[in-house]
Amino acid sequence: MAKLSTEELLEQFKELTLIELSEFVKAFEETFEVTAAAPVAVAGPAAAGGAPAEEVEEKDSFDVILEAAGDKKIQVIKTVRELTSLGLGEAKAVVDGAPKAVLEGANKETADKAKAALEEAGATVTLK
């Protein structure tokens, strides 16, 4: 078996559906006893091309939606910055534009932690 180059591997991954990619990541984690550091980054690009109709199984990715900032807007902006890689202006735009997604395609554990952190900061949050 010939070894595939990085480019060849990426081309193969581009052909996978979102569910197939998710199954691959799980198998990779189990085989090499590692955890994907950024599951959002892995699922993000594939989600644009994937068909939501395929998600008939138990839901394994969640969007964390900021419904309202509440009266502690500055604390909520700080929390948004901690949860994302957004700069101050971008985080403020997310908070000002509520309802708005803070995280998209996050796993259950990450989504729950983000929801708890935002609620602790005074925001109203929903998971979808």
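Q: How many aromatic pairs does a search of the whole structure find?
A: A pair of aromatic rings is described by the distance of the centres and the angle of the planes. Rings of Phe, Tyr and Trp (its six-membered ring) pair if their centres lie within 6.5 Å; planes under 30 degrees apart count as stacked, over 60 as edge-to-face and the rest as tilted. Here the search of the whole structure finds two aromatic pairs. Phe 24 and Phe 28 form a tilted pair, with 5.9 Å from centre to centre and 40° between the planes.

Q: What kind of model is this, and how are residues numbered?
A: This is a predicted model, in which local features need pLDDT of at least 70 and side-chain atom pairs count only at pLDDT 80 or more, while totals for chains, interfaces and linings use all residues. Residues are numbered from 1 along each chain as its sequence is written, and side-chain values use heavy atoms, with hydrogens and water left out.

Q: Where do Phe 24 and Phe 28 lie?
A: Helices (H or I, at least four residues) and strands (E, at least two) are DSSP runs, numbered from the N terminus. Phe 24 and Phe 28 both lie in helix 2. They are four residues apart, about one turn of the helix.

Q: Are Phe 24 and Phe 28 buried, partly exposed or exposed?
A: Buried means under 20% relative accessible area, exposed over 50%, and partly exposed in between (1.4 Å probe, protein chains only). Phe 24 is partly exposed, at a relative accessible area of 35%. Phe 28 is partly exposed too, at 39%. Phe 28 also forms a tilted aromatic pair with Phe 32: 4.7 Å centre to centre, 45° between the planes.

Q: Which residues form one aromatic cluster?
A: Phe 24, Phe 28 and Phe 32 do. Phe 28 and Phe 32 both lie in helix 2, four residues apart, or about one turn of the helix. Helix 2 covers residues 18-32.

Q: Which residues form a nonpolar patch on the surface?
A: Patches are made of residues with over 30% relative accessible area and no salt bridge; like charges are joined within 9 Å, nonpolar side chains (Val, Leu, Ile, Met, Phe, Trp, Tyr) within 5 Å. Accessible areas come from the Shrake-Rupley method with a 1.4 Å probe, and for residues only the protein chains shown count as cover. In this structure the nonpolar patch is formed by Leu 16, Phe 24, Phe 28, Phe 32 and Val 34. Together they have about 430 Å² of accessible area.

Q: How many salt bridges does the structure hold?
A: A salt bridge is a side-chain nitrogen of Lys or Arg within 4 Å of a carboxyl oxygen of Asp or Glu. The structure holds six. One of them joins the side chains of Lys 73 and Asp 96, at 2.6 Å, N to O. This pair links distant parts of the chain, 23 residues apart: Lys 73 is in helix 4 and Asp 96 in helix 5 (residues 88-96). Lys 73 is partly exposed at 35% relative accessibility, and Asp 96 is partly exposed at 40%.

Q: Which residues are linked with Lys 73 in a network of salt bridges?
A: Lys 92 and Asp 96 are linked with Lys 73 in that network.

Q: Where do Lys 113 and Glu 109 lie?
A: Both lie in helix 6 (residues 108-120), four residues apart, about one turn of the helix. Their side chains meet in a salt bridge at 3.1 Å, N to O. Both residues are exposed.

Q: What separates Glu 119 and Lys 115?
A: About one helical turn separates them, because they are four residues apart in helix 6. Their side chains meet in a salt bridge, also at 3.1 Å, N to O. Glu 119 is partly exposed at 37% relative accessibility, and Lys 115 is partly exposed at 23%.

Q: Is Thr 79 buried or exposed?
A: Thr 79 is buried, at a relative accessible area of 5%. Thr 79 lies in helix 4 (residues 73-83). Contact means heavy atoms within 4.5 Å. Leaving aside neighbours within four places in sequence, Thr 79 is in contact with Ala 117, Leu 118 and Ala 121. A polar atom of the Thr 79 side chain lies 2.9 Å from the backbone oxygen of Gln 75.

Q: How many helices and strands are in the chain?
A: There are six helices and three strands. From the N terminus on, the elements run α-α-α-β-α-α-β-α-β. Buried residues make up 19% of the 128 residues.

Key: A polar contact is a pair of N or O atoms within 3.5 Å; within protein, one must be able to donate a hydrogen and the other to accept it, and residues adjacent in sequence count only if both atoms are side-chain atoms.
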